[in-house]
Amino acid sequence: FEIPELQHMKQELNVVNSELSQFNLEEWTQHTKKRDISGNVINQLRKKIQPELLTQAWCKFYEIVSTFPIINVSENKRLRSVHLCEAPGAFICALNHYLVLHHPNIKWKWLGNTLNTDYEGNSLTQMISDDRLICYTREQWLFGKDLTGDIQAYYNYCDIVGKVILDGKVQLVTSDGSINCMSNPGEQEIMVEFLHYCETLTALS
């Protein structure tokens, strides 16, 4: 469905966005960094607490897990989580940091899914090349039937869900996938729509 008012606003926004190409990219980046009041958060976290794999995604998920009651520790002090489209692994690392500080006695088991960096058929433009966490925890990653890690392929969805539910209940599923939309940034929502559908279907399953 489409909401005409929002479509009109999107067209206006895209017109303004297209005018940014006349600016020097380096200068524009510096300008936007100085205007971003949250820009120093990562530097301060790095200095003060030195978390693993610190990224914007790490900050985003740590804020979520600290703000909302998404961790259910009542069930025998066990937590089982699945992290879809997860590379490089910031949500997992943020959750680990949170659990160590707030629930040190919990028994946590996690599984991750992402595009497989070792699969030569995967496009480098679509993958996160940082595989530091994957290298040390490879047995906890699910890449599906064809080993690509692509949950948009139905047989991979079936394979991943089948393996996860074999071990019982999952208390938490996260997903932070996206697609490189630089070729058509004005249609980012449409380009990412099917991936979000697949993430939602997999999480609910």
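In this predicted model, a good place to start is Ile 71: setting aside neighbours within four places in sequence, Ile 71 is in contact with Val 65, Leu 79, Leu 95, Tyr 98, Leu 99, His 103 and Leu 172. Ile 71 also belongs to the largest nonpolar core, which has 26 residues. Together with Trp 58, Leu 95, Leu 99 and Trp 108, Ile 71 touches the most other members of that core. Several elements help to build this core, with at least two residues each from helix H4 (56-67), helix H5 (90-102), strand S2 (107-113) and helix H6 (132-136). The biggest share comes from H5, which gives eight residues. A second core of 10 residues is separate, and Val 82, Leu 84, Ile 151 and Cys 198 are among its members.

Aromatic rings add another layer to the picture, with eight aromatic pairs counted. One of them joins Phe 23 and Trp 28, whose rings are stacked, with 5.4 Å from centre to centre and 20° between the planes. Phe 23 is partly exposed, at 46% relative accessibility, and Trp 28 is partly exposed too, at 29%.

Trp 110 and Trp 141 meet in another way: their ring centres are 5.8 Å apart and their planes lie at 80°, so this pair is edge-to-face. Trp 110 sits in strand S2 and Trp 141 in strand S3 (residues 141-142), and the pair links distant parts of the chain, 31 residues apart. Buried means under 20% relative accessible area, so Trp 110, at 11%, counts as buried, and so does Trp 141, at 6%.

Finally, ring pairs also link Trp 58, Tyr 62 and Tyr 98 into a cluster.

How values were computed: Residues numbered from 1 in each chain as written. Predicted model: local features only at pLDDT ≥ 70, side-chain atom pairs only at ≥ 80, totals over all residues. Heavy atoms only, no water. Core = buried A, V, L, I, M, F, W, Y, C linked by side-chain atoms within 4.5 Å. Buried < 20%, exposed > 50% of the residue type's maximum accessible area, 1.4 Å probe, protein only. Helix = DSSP H or I, 4+ residues; strand = E, 2+ residues; numbered from the N terminus. Contact = heavy atoms within 4.5 Å. Phe/Tyr/Trp six-rings, centres within 6.5 Å; stacked < 30°, edge-to-face > 60°.
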